[in-house]
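This note sets out points for a colleague who is preparing the structure shown below for computation. Each point may be checked against the coordinates.

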Amino acid sequence: MKEQIYTIPVNDAFSEDCECPVCVLEQNLENDSISFMLSPALMESDNRMATNQKGFCRRHFGMLYSKKENVLGVSLVIETHIQHQMGIYKKLLKKSKKGLDADTKMNAVRNLAGHIGKSPTATSKFISDATGFLASLDDNCEVCERIDRIMGRYTDTILWMYFKDTDFREKIKSGKGFCLPHYKLLLESAKEQLSPKQTALFVNDLNELMMNNINRILEEIQWFSKKFDYRNKDASWKNSRDAVPRAINKFVSYGDFK
Ligand SMILES: [Zn+2]
Ligand SMILES: [Zn+2]
């Protein structure tokens, strides 16, 4: 079974005491993916062909640069990416120029028709094409695509192990559940990967686990707030000292708020 090669990282992540073991898997995968992209071989011109086209999203361009491990490589990637994408954009500008110039000289009737949306102008068509193109730049990212692909294998493995490995199932059930974005991911994956009956079994367990742990984190965050009351200043923090970053993690997945 091909999933078996993923059981070690999955088991390791589920052995950690955390708000979401899938966050642990994804964060490790994200860091590995950044290192992989920065490796010297990937900066060679042939390998940069795909990167030229897709580039990286804002988050991952930031991470690639911040590592300062291969600044020349990042410089070559951004240079060729700009050349490639702006080459496409220049063609759109050239194609649209005549219509844009003509629109600057439109008469009052045409102006009114365009204004009330009756008749789209060449300029509005250009804006729609240009904004579509500019939005696509942040949508395409080599790192995001790699993460999505491998996360799919991890979730297949989690579901497979859930029904094959009793110890693993007990580990999930006695854990702290998942963050909401990964709860969503597991619901979607279960529907895709499992039989209808297995889906029902898994979803029932998952819902109970999630609701118990949402209640638990809510109590912890409530106690954290109550500790600011002078009457509680000598009371124990219980488990609440780091409740804020854990509650944020539970709600929005991992991030730079630890
Ligand atoms: Zn998560
Ligand atoms: Zn990305």
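The numbered points that follow concern metal sites, salt bridges and one buried charged residue.

1. Status of the model. The structure is a predicted model. The remarks below should be read accordingly.

2. First zinc site. The zinc ion (ligand 1) has four protein donors, namely the SG atoms of C20, C23 and C179 together with ND1 of H182. These donors lie 2.0 to 2.3 Å from the ion. The angles subtended by the four donor atoms run from 98 to 115 degrees, so the arrangement is tetrahedral. All angles between 85 and 135 degrees are required for that label. Along the sequence the donor residues follow the spacing C-x2-C-x155-C-x2-H.

3. Burial at the first zinc site. C20 is buried, with a relative accessibility of 1%. C23 is likewise buried, its relative accessible area being 4%. Both values are to be set against the cut-off for burial, which is under 20%.

4. Second zinc site. Coordination of the zinc ion (ligand 2) is provided by C57 (SG), H60 (ND1), C141 (SG) and C144 (SG), at 2.0 to 2.3 Å. Here the four donor atoms subtend angles of 102 to 115 degrees, and the arrangement is therefore tetrahedral. The donor residues are spaced C-x2-H-x80-C-x2-C in sequence. H60 belongs to helix α4 (residues 58-66) and C141 to the loop between α7 (122-139) and α8, so this pair ties together parts that are 81 residues apart in sequence. Both H60 and C141 are buried.

5. Salt bridges across the chain. The structure contains 16 salt bridges. One of them pairs K176 with D17, with 3.0 Å between the closest N and O atoms. K176 is placed in the loop between α9 (166-173) and α10 (180-193), and D17 in the loop between α1 (7-14) and α2 (21-38), so the pair ties together parts that are 159 residues apart in sequence. K176 is partly exposed, at 25% relative accessible area, whereas D17 is exposed, at 66%.

6. The K54 and E145 pair. K54 and E145 form a salt bridge in which the closest N and O atoms are 3.2 Å apart. This pair links distant parts of the chain, with K54 in helix α3 (residues 48-54) and E145 in helix α8, 91 residues apart. K54 is partly exposed, with a relative accessible area of 25%. E145 is also partly exposed, with 33%.

7. A salt-bridge network. D242 and R246 meet through their side chains in a salt bridge of 2.9 Å, N to O. Salt bridges with shared partners join E19, R216, E220, D242, R246 and K250 into one network. Within it, D242 is partly exposed, at 38% relative accessibility, while R246 counts as buried, at 12%.

8. A buried arginine without a salt bridge. Which side chain of opposite charge is nearest to R146? It is D32, at 6.2 Å, and R146 has no salt bridge although it is buried. The separation may be compared with the salt-bridge criterion, which asks for a nitrogen within 4 Å of a carboxyl oxygen. R146 is located in helix α8 (residues 142-164). Leaving aside residues up to four places away in sequence, R146 touches L29, D32, S33, F36 and M37. D32 thus appears among the contacts of R146, yet the two do not form a salt bridge.

Notes
Residues are numbered from 1 along each chain as its sequence is written. Chains are lettered from A and ligands numbered from 1 in the order in which they are written. This is a predicted model: local features need pLDDT of at least 70, side-chain atom pairs count only at pLDDT 80 or more; totals for chains, interfaces and linings use all residues. Side-chain values use heavy atoms; hydrogens and water are left out. Helices (H or I, at least four residues) and strands (E, at least two) are DSSP runs, numbered from the N terminus. Buried means under 20% relative accessible area, exposed over 50%, partly exposed in between (1.4 Å probe, protein chains only). Lys and Arg count as positive and Asp and Glu as negative; His and the chain ends are not counted. Contact means heavy atoms within 4.5 Å. Donors are N, O and S atoms within 2.8 Å of the metal (3.2 Å for Na, K and Ca); water is not among the atoms, so sites may look incomplete. Four donors count as tetrahedral if all angles lie between 85 and 135 degrees; four count as square planar and six as octahedral if opposite donors are over 155 degrees apart and all others between 65 and 115; anything else is irregular.
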